[in-house]
Amino acid sequence: MKLNKVLPVLFLIMFLVMVGFGIIIPVLPFYAEELGASPAELGLLMSVYSIMQFIFAPMWGRISDRTGRKPVIMIGIFGLSLSFFMLAAASQLWMLFAARIVGGILSAANMPAVQAYVADITTDNDRSKGMGIIGAATGMGFIFGPAIGGVFTNINLQAPFYLAGIISLLTLFLVAIVLKESVHPANLQTKSQEGLSPSSFTRGPLPVLYFLQFFITLSLAGLEATFAYFAAARAGLDAVTLGYIFMIMGLASAAVQGSLGPLTKKFGEAAIIQMGIVVSAIGFALILLIHDFTTAALFLAVFGIGNGVIRPSISSILTKHSATGYGSVTGYLSSFDSLGRIIGPAAGGFLYSVAISLPYLSGIFLSIFAYMLFQVYKSRLKAAERG
């Protein structure tokens, strides 16, 4: 399959995967409460999924280097579908936890394998374009999924889970029928012998990018966990209005990710990452000034534009320059991303309880720290090129 034919297929696959995932977001807290979950148990239920992804994403990435991308993608989508049907059938709280654990373990295969697939089929010149399209698909799925889930909640609390499971099954059939394997069998043995050792994170320029992604996700997750409270306190915005604001942010982020190819060809990944970090920091500062719907939507869109270009560009650099298999690289990147999503909400909530502006002031600080980390990456890269 040619690149221009494969990327739309991958876009559709990741869009459908994230729609299915997003459908359950509005209903899961109410569903868990109906089964007797306390606030602490609800928080653990939401985070256990990311914990499983943090643990298992590198494993799935390495497996995709040994066996190919397509079977790992199919395992990930099957795991999502299975977890959704398990959630729909749950009658006790432990069954919800079992479903989230199963879903986290198996669906951890999706992002590493898909990003590795993109790296397989793209050249260095169009790598950022491919990664940006995957990022845009993910963002668009998150926009439409919760909206669809909210509508189907009007039927009953189980309906969104059944719908998500069906969408995931249809996506699985799409992958089985349409998607071709991207790794030639002759290359599997070579890549299976390559990988990242724990000691490799203490040397060389590339490991710095994993930590950079962690801090970027940490600040994003803190914003996502607290912005609803902040916007209600500062601008009197309700849940419906906040849904529109997050939709605008998602559309802005997806739009800039979709155009990442031309931007990267003009400026390069390094400049894009630095500009993304700066714009994110500006977005955090502007959020402190919101006072109505218009300013909230505009300032959050600014943040979304800056934040949206960072991960695809980091993925592009890592897969271009790493000597390991693409799956191993993208697996570790997904793991660090998940770690940020584990810690971020709790940290953001704690900071908000101290002062409502602290999550966004800390976001500015983390953006500055991320910018400094990227300078460390550049200096290590120059040192490696010299010697």
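Thr295 sits in helix H14, residues 293-308, where helices (H or I, at least four residues) and strands (E, at least two) are DSSP runs numbered from the N terminus. With 13% relative accessibility, Thr295 counts as buried; buried means under 20% relative accessible area, exposed over 50%, and partly exposed in between, with a 1.4 Å probe and protein chains only. This is a predicted model, in which local features need pLDDT of at least 70 and side-chain atom pairs count only at pLDDT 80 or more, while totals for chains, interfaces and linings use all residues. Residues are numbered from 1 along each chain as its sequence is written, and side-chain values use heavy atoms, with hydrogens and water left out.

**Around Thr295**
- The Thr295 side chain has a polar contact with the side chain of Asp292, at 2.8 Å. A polar contact is a pair of N or O atoms within 3.5 Å; within protein, one must be able to donate a hydrogen and the other to accept it, and residues adjacent in sequence count only if both atoms are side-chain atoms.
- Going from Thr295 to Leu220 takes 75 residues in sequence and 19 Å in space, C-alpha to C-alpha.

**The chain as a whole**
- The protein chain has 17 helices and zero strands.
- Its radius of gyration is 20 Å, which agrees with the value near 21 Å for a compact globule of 387 residues. That radius is taken over C-alpha atoms, and the globule rule is 2.2 Å times the number of residues to the power 0.38.
- Along the principal axes, the C-alpha atoms fill a box of roughly 55 × 45 × 35 Å.
- Of the 387 residues, 55% count as buried.
- Take the contacts with a separation of 6 or more: 85% of them are between residues 24 or more positions apart. Contact here means heavy atoms within 4.5 Å.

**Nonpolar cores**
- The largest nonpolar core has 59 residues, and Leu10, Ile73, Leu87, Leu96, Phe161 and Leu179 touch the most other members. Such a core is a set of buried Ala, Val, Leu, Ile, Met, Phe, Trp, Tyr and Cys residues joined through side-chain atoms within 4.5 Å.
- Helices that give two or more residues to this core include H1 (3-23), H4 (69-89) and H8 (159-178). H1 supplies the largest share, eleven residues.
- Ile73 touches Asn110, Ala113, Val114, Tyr117, Val175 and Leu179, leaving out residues up to four places away in sequence.
- Another core, of 28 residues, lies apart from that one, and Val208, Val256, Leu366 and Tyr377 are among its members.

**Helix H10**
- H10 covers residues 207-235, 29 residues in total, and reaches 41 Å from first C-alpha to last, close to the 42 Å expected at 1.5 Å a residue. The expected span is 1.5 Å times one less than the number of residues.
- At Thr226, H10 bends by about 50°; the bend is the angle between axes fitted to the seven residues ending there and the seven starting there.
- H10 is largely enclosed by the rest of the structure, because 21 of its 29 residues are buried.
- Gly236 follows H10 and has a positive phi, near 65°.

**Helix H3**
- H3 also has 29 residues, reaching 41 Å from first C-alpha to last, close to the expected 42 Å.
- Look for a kink of about 45° at Phe56, shortly before Pro58.
- Gly68, just after H3, takes a positive phi of about 110°.
- Gly43 is in H3 and counts as partly exposed, with 38% relative accessibility.
- Gly43 and Phe84 are 41 residues apart along the chain, and their C-alpha atoms are separated by 19 Å.

**Ile364 in H17**
- Ile364 is in helix H17, residues 358-386.
- Its C-alpha is 4.8 Å from that of Ala281, although the two are 83 residues apart in sequence.
- Setting aside neighbours within four places in sequence, Ile364 is in contact with Ala281, Phe284 and Ala285.
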